Amino acid sequence: MSMRTPFLKGHGTENDFVIVPDPDNALDLTPADVAALCDRRAGIGADGVLHVVRSAAHPEARGMAAEAEWFMDYRNGDGSIAEMCGNGVRVFARYLQHAGQVPAGDLAVATRGGVKAVHIDKDGDVTVGMGRARLPGADVTVSVADRTWPARNVNMGNPHAVAFVDDLADAGDLRTPPPFSPASVYPDGVNVEFVVDRGPRHVAMRVHERGSGETRSCGTGACAVAVAAARRDGADPAVTGTPATYTVDVPGGRLVITERPDGEVEMTGPAVIVAEGEIDSEWLENATR
């Protein structure tokens with residue numbers, strides 16, 4: 001890193017991110033760098049890092065450059081790489097607007113989960129086309145202490161296990177990953193959502209995100225929850241022929257998820273830039289020794 005590297009801080013329903021603009025992919029952003037930046041006591045503090053790179057400049061995104069100018073190189077708070085982050089895409093798009101790279105309206109963002117269609121509303125919300133959910137048929141259970149629940153296996157470009165419970169407190173502290181079974185279903189770990197009903201087409205959730213612990217919100221998790229709830233409620237849009245829209249409350253706010261009859265899932269919610277600053281390379285070097 002150079003002596004002073006610009007960064008921004010943003011959040012989507014309090015799922016927060018360090019944003020590192022790097023259009024030419026010139027920074028060697030190591031897992032240790034990411035973990036240090038995300039440290040809430042000794043670093044800037046965040047659930048993850050949004051590394052902002054032009055698709056043409058990143059080896060993982062060059063094949064998407066014709067469709068999307070910008071690539072969201074997303075990293076979890078522990079430095080590991082993730083396929084997708086729904087709240088992150090919204091904040092990523094808000095940053096591009098904030099930086100004057102794109103206007104309000106439609107744009108495409110490349111991610112490891114594919115190219116995502118994004119719409120920046122004039123009223124401040126951002127809508128992301130999250131693609132189609134995949135529902136592998138394997139039976140899954142998740143556990144907390146001595147209790148076990150069946151979970152719906154939903155893949156939104158990253159893996160989720162959705163469990164419907166009586167009380168969100170049933171999830172425990174979520175500091176460590178809830179055990180799941182069978183282990184072979186999620187060889188790389190899984191995001192686990194615990195869900196309760198709040199009303200018709202209205203649910204609330206808590207989530208353990210792999211690599212980050214419990215977070216205030218998870219966009220792909222909210223989508224997985226809405227899809228699982230629609231199947232549970234007999235509201236599969238592919239069967240009914242009508243869209244299914246669910247309000248999903250997360251600890252950090254509220255998201256609105258719509259699944260269309262063609263299977264496409266859309267997520268709408270806020271995205272906020274809260275601060276800008278510079279990363280001191282000497283501090284980062286010392287922090288990662």
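Which residues does phenylalanine 180 touch, not counting residues up to four places away in sequence? In this predicted model, the answer is Thr141, Val142, Tyr186 and Val190. Phenylalanine 180 sits in strand E11, which spans residues 180-181. Its relative accessibility is 25%, so phenylalanine 180 counts as partly exposed. Isoleucine 44 offers a useful second landmark: 136 residues separate it from phenylalanine 180 along the chain, and the C-alpha atoms of the two are 32 Å apart.

The interior comes next. In soluble globular proteins, nonpolar side chains tend to be buried together. Here, the largest nonpolar core contains 54 residues, and the members touching the most others are Met72, Met205 and Ile257. Helix H3, made up of residues 219-232, gives the most to this core, contributing nine residues. There is also a second, separate core of 17 residues, with Leu168, Val192, Phe194 and Val196 among them.

Methionine 205 is a good place to pause for readers exploring the model. Setting aside residues up to four places away in sequence, the contacts of methionine 205 include Leu168, Glu193, Phe194 and Val195. Cys218, Gly221, Ala222 and Val225 are also touched by methionine 205, as are Val248, Asp249, Val250 and Pro251. Two of these partners, Leu168 and Phe194, are touched by methionine 205 and are included in the second core.

Helix H1 covers residues 31-38, and its buried residues are Asp33, Val34, Ala36, Leu37 and Cys38. What do the buried residues of H1 pack against? Their partners are four strands and a helix: strand E2 (15-21), strand E3 (48-54), strand E4 (70-76), strand E18 (272-280) and helix H5 (281-287).

Empty space inside the model was examined as well. Rolling a probe the size of a water molecule over the atoms shows where empty space is left. The count comes to one cavity of 30 Å³ or more, and the largest cavity holds about 50 Å³ of space. Its lining is formed by Tyr74, Asn76, Ala82, Met84, Cys85, Asn158, Asn191, Glu209 and Arg210. By character, the lining residues divide into four nonpolar, three polar and two charged.

Charged pairs complete the picture. Side chains of opposite charge can pair when their charged atoms come close. The model has 22 salt bridges. Arginine 260 takes part in one with aspartate 262, at 3.2 Å from N to O, and in another with glutamate 266, where the closest N and O atoms are 2.9 Å apart. How exposed are these partners? Arginine 260 has a relative accessible area of 29% and is therefore partly exposed. Aspartate 262, at 38% relative accessibility, is partly exposed, and glutamate 266, at 30%, is also partly exposed.

Another salt bridge joins glutamate 285 to arginine 289, with 3.6 Å between the closest N and O atoms. Glutamate 285 is partly exposed at 47% relative accessibility, whereas arginine 289 reaches 74% and so counts as exposed. Elsewhere in the sequence, a network of salt bridges links Lys9, Asp16, Arg40 and Asp47.

Definitions and conventions:
Residues are numbered from 1 along each chain as its sequence is written. This is a predicted model: local features need pLDDT of at least 70, side-chain atom pairs count only at pLDDT 80 or more; totals for chains, interfaces and linings use all residues. Side-chain values use heavy atoms; hydrogens and water are left out. On a 1 Å grid over the protein atoms alone, a cavity is a set of points where a 1.4 Å probe fits but cannot get out, and a pocket is an open set with protein on both sides within 12 Å along at least five of seven lines; lining residues have an atom within 4 Å of a point. Grid points are joined across faces, edges and corners, and a volume is the space filled by probe spheres set on the points. Ala, Val, Leu, Ile, Met, Phe, Trp, Tyr, Cys and Pro count as nonpolar, Asp, Glu, Lys and Arg as charged, and the others, Gly among them, as polar. A salt bridge is a side-chain nitrogen of Lys or Arg within 4 Å of a carboxyl oxygen of Asp or Glu. Buried means under 20% relative accessible area, exposed over 50%, partly exposed in between (1.4 Å probe, protein chains only). A nonpolar core is a set of buried Ala, Val, Leu, Ile, Met, Phe, Trp, Tyr and Cys residues joined through side-chain atoms within 4.5 Å. Helices (H or I, at least four residues) and strands (E, at least two) are DSSP runs, numbered from the N terminus. Contact means heavy atoms within 4.5 Å.
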